[in-house]
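Welcome, and please have your viewer open with the chains coloured separately. We will take a short walk, one selection at a time.

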Amino acid sequence: MTNEELKAFISAHTPEVTFEETQFLNAIIPSEKIYPLAKYLRENPDADIDYLICLSGVDWKDHFMVVYHMTSRKHKHTFVLKAKIADRNNAEIHTVCDIWRTAEFHEREVYDLFGIKFINHPDLRRLFLDDTWGFPLRKDYTDDITIVSL
Amino acid sequence: METPATAKFDVKSFPGKVTHMPGGGSFVVTSIDKMVNWSRSNSLWPLVFGTSCCAIEMMSAASAKYDWSRFGFEVARATPRQADVIICAGTIVYKMAPVLKRLYDQMADPKYVIAMGACTISGGPFFYNSYSVVKGIDHVVPVDVYIAGCPPRPEALLHALITLQKKIQEGGPREKINIGF
Amino acid sequence: MSSKEEIQDVTELREEDFMLNIGPQHPSTHGVLHLKVKLHGETIMDVQPHLGYIHRSIEKMCEASTYRNFIYLTSRMDYLSAHMNNQACSMAVEKGLALEIPPRAKIIRVLMSELTRIASHTLWWGAMGLDLGAVTPFFVGFRDREDILDIFEESCGARLTMNYNVPGGVMYDIHPNFQRKVKEFLVNFKKRYHEYDELLTGNVILHERTKGVGYISAEDVVSYGCSGPVARASGVSCDIRKWQPYDGYENVQFEEIIETGGDCFARYMVRMREMPQSVHIIEQLIDNIPEGDFQAKTKAVLKLPKGEFYSRVETARGELGVYIVSDGSMNPYRIKFRSPNFSNLSALKHMAVGGKIGDLVAIMATLDLVIPDLDR
C-alpha cells in the first residue's frame with residue numbers, strides 16, 4: 001500500500017490519528033488505542049504487518065512517546081506508529097507482545113529505562129538495572145555520584 | 001645520587017596510597033626465594049575473564065600468531081580456584097563488580113591482577129556521562145599491571161605479562177610488600 | 001515428558017527440579033550473559049536470561065555527545081562487526097543531512113564491511129568449535145582472521161575498533177597496498193577454505209550435536225524479530241542488502257543463502273556458505289574502485305534538522321537499526337539502537353526448552369551472540 005492508502009486504512013479504523021510524513025509515514029495515536037489498532041494491522045490481510053522492527057521510548061519532557069517501527073514482509077510497506085502517553089507520572093500503555101513476540105524483551109527494556117508500565121505484560125521485570133535504580137533515560141534523571149559530566 | 005627509590009617527594013600530592021619499602025628499595029631475596037619466584041613467574045595460569053572488546057584481543061594473544069603459552073600462560077582455567085592471575089579484559093559495570101570481587105576472593109594466594117584496556121584503568125571511553133560504569137577496577141580489586149589501549153594490541157598484553165613476571169621475580173608476593181597496610 | 005506444550009506449562013520448582021546458574025563468568029566466548037536454567041534431570045524446563053552485566057549506558061551517553069562523536073562509541077557495541085555499526089550510524093546522520101557520499105567512499109565501505117563479515121564468521125566458527133569441544137578450529141579460525149586484521153591496521157589504523165566510517169564517507173583514503181593485500185588474502189582464503197569443511201562440517205560429532213536441535217519455525221522467527229543467519233536458516237529471506245540495498249550493494253551480484261532446516265545445523269551452514277559469498281563480492285569490487293574523493297564535504301559541527309531518521313544495515317549477526325530523534329541542536333535528542341542480538345536472544349527459550357544442557361551450548365554457539373550489543 002502506498003502512504004495515501006495507509007493513511008486512509010488507519011483513519012478508517014482509528015479516527016483519532018494524526019499523520020506526519022518524514023522518512024516514513026508516522027501515525028500518532030493516543031496510547032489507549034494502541035492494542036486494537038495493532039491487532040487490526042496484524043490480522044487484516046491487506047496490511048499484514050508481521051514484523052515489528054523496533055520498539056523504543058522517547059521522553060519529550062511533558063509526555064512520553066512509544067515508537068513502533070513495523071513492516072509487512074509480504075506487501076513490503078514500512079511505517080511508524082507512535083503512541084502518545086500524556087500522563088507522565090503514571091505512564092501506562094497496553095502491551096503488544098501477544099501480537100509480536102519480539103515486544104516482550106523490548107517492552108521490558110522501555111520499562112527499565114523510562115518507567116513506562118505495560119499492562120498485561122506476562123513478565124514485566126527490570127532488564128538491565130536493579131529495582132532500586134531510577135529510570136535513567138528520562139530527561140530529569142540526575143546522579144551526582146556516578147555521572148561525571150563533561 | 002638520587003634514585004627513584006630514595007627521592008623525596010611530596011606524599012600528599014600523590015594521588016594513590018604510598019607504601020614505603022624498608023631499606024628504600026626492593027627486598028634482598030635469598031636463593032630459595034629466587035627459585036620459588038622464578039618458578040611462580042613462569043607458570044602463571046590465567047582465569048578466563050573477558051567481558052567485552054578487549055577479550056577478543058586477549059583471545060588473539062592466546063591463538064597461534066601471538067601465542068602467550070610460550071611464556072607459561074598455556075592453561076587458561078575456567079575456575080578461579082585453579083588460576084593465578086586474573087586478566088580483567090573489558091568494562092566492569094556496577095552489576096558486574098560484585099562478581100569480579102567474588103572471583104578475586106575465590107582465587108588462592110599468591111594471586112595477581114592485570115587490568116587490560118582503558119575501561120579497566122579508569123572507565124575509558126565510558127568515563128564521562130555514563131551512569132553504570134565503574135571508573136576503574138582498582139576501586140574493586142588491587143591491580144598489579146595496567147595496560148593502556150582501546151583495545152591494546154596483543155603485543156601490549158604480552159609486554160604486560162612479561163612485566164608481571166619481572167615483578168614477581170624481583171620481590172615477594174604482594175602480602176610481603178604491603179607492610180603497614 | 002512427551003510434548004513441548006506440557007513442559008512449558010510447568011512454572012514452579014518441583015521437588016525434582018534443579019536451578020542452574022550459567023554465567024556471568026563462563027569460558028564461552030560470548031560475553032557476560034547470566035542464564036538461569038531450570039532443569040529436570042538434564043532436560044531443560046525453562047531458560048531465563050539475566051542481562052545488564054555489561055550495560056554501559058551508551059544510549060544516554062550519545063545524548064551528551066555530538067553527531068560526530070557518538071559513532072566512536074558504537075564500535076564497541078558489536079565489536080566483531082565494528083565497521084558495520086559505524087556504517088549504520090553514519091548512514092543515519094547522512095539521511096538527516098540529506099548528504100550523498102562519493103562513489104569511491106561507497107565502494108570502500110562495502111569492501112571493509114565484507115572483510116569484517118568474513119573476519120566475524122571465522123571467529124564464530126573457531127568459537128563454535130571450542131564450545132563443542134574441538135580446540136583446533138579455534139587456532140585455524142584466528143589464523144585467517146589475523147590476515148584481515150593486518151589489512152585493517154594498515155588502512156584504518158586499528159585492528160578491532162576501527163572508527164573508519166564518518167558521516168560523509170570514510171576518514172582516510174585506503175593504503176596503496178590495500179588492493180594487493182586483499183587479493184593475496186582472497187587467494188589464500190580460497191585455498192584454505194576446504195579446511196573449514198574438513199574439520200567441522202563433515203564431522204559426525206557436529207552432526208549428532210546440531211541436527212534436529214533448537215528448531216524454530218519460520219512464523220516464530222518473524223514473530224520474535226530474529227534476523228540475519230538465524231532467520232535465514234528457517235527459510236525466511238531477510239537480508240537488508242537485498243531488500244533495501246544501501247551504499248553500493250545495488251550493483252553487486254551475490255546470493256542470499258537460505259536453508260529450510262530451522263535447526264542448529266542449518267544456522268551453521270548459512271554462516272559457512274556466507275563466507276564464499278562475501279569473497280565473491282570483494283572479487284567483483286576490488287579492481288573497480290572508482291577514483292575521486294573519499295569523503296563528502298561537511299561542516300565541522302554537524303546539526304541535523306528537527307525530525308527522526310532511521311537506517312538499517314545487515315551486520316554479521318542480523319539487522320542493526322539506528323533511530324535518531326533530533327530537535328535541531330548540536331546534540332542528538334535520543335538515539336536508539338535496534339540491535340540484532342537482542343531479538344535473537346528472545347528466541348532462545350523457545351529453542352532450548354525440552355532439550356538437554358549440551359543442546360543449550362550448541363544453540364548458544366549457533367545463535368552467535370555478542371552480549372555488549374545486547375546490553376548496549
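Begin with chain B, and keep in mind that this is a predicted model. Coloured by confidence, chain B averages a pLDDT of 80, and 77% of the residues score at least 70.

Where in chain B is confidence lowest, and where is it highest? Select helix 6 (residues 174-177) of chain B for the low end, with a mean of 46, then helix 3 (residues 97-106) of chain B for the high end, at 92. Now select residues 175-181 of chain B: pLDDT stays under 50 throughout this stretch. For these residues the model has seven contacts beyond four places in sequence.

Next, show chains A and C together. Here 23 residues of chain A are in contact with 26 residues of chain C. On the chain A side, select strand 3 (51-59) and helix 3 (103-114), each of which supplies at least two of the residues that touch chain C. Strand 3 of chain A gives the largest share, six residues. Colour this side of chain A by residue class and you will find 13 nonpolar, six polar and four charged residues.

Last stop: helix 5 (residues 103-132) of chain C. Its 30 residues should span 44 Å at 1.5 Å a residue, and its end C-alpha atoms are 44 Å apart, which agrees. Is helix 5 of chain C largely enclosed or largely open? Of its 30 residues, 26 are buried, so helix 5 of chain C is largely enclosed by the rest of the structure. Step just past this helix to Gly133(C), where phi is positive, near 110 degrees.

Terms used
Residues are numbered from 1 along each chain as its sequence is written. Chains are lettered from A and ligands numbered from 1 in the order in which they are written. This is a predicted model: local features need pLDDT of at least 70, side-chain atom pairs count only at pLDDT 80 or more; totals for chains, interfaces and linings use all residues. pLDDT is the predictor's confidence in each residue, from 0 to 100. Helices (H or I, at least four residues) and strands (E, at least two) are DSSP runs, numbered from the N terminus. Two residues are in contact if their C-beta atoms, placed from the backbone, lie within 7 Å. Ala, Val, Leu, Ile, Met, Phe, Trp, Tyr, Cys and Pro count as nonpolar, Asp, Glu, Lys and Arg as charged, and the others, Gly among them, as polar. The expected span of a helix is 1.5 Å times one less than its number of residues. A residue is buried if 20 or more other C-beta atoms lie within 10 Å of its own, exposed if 12 or fewer, and partly exposed in between; C-beta atoms are placed from the backbone.
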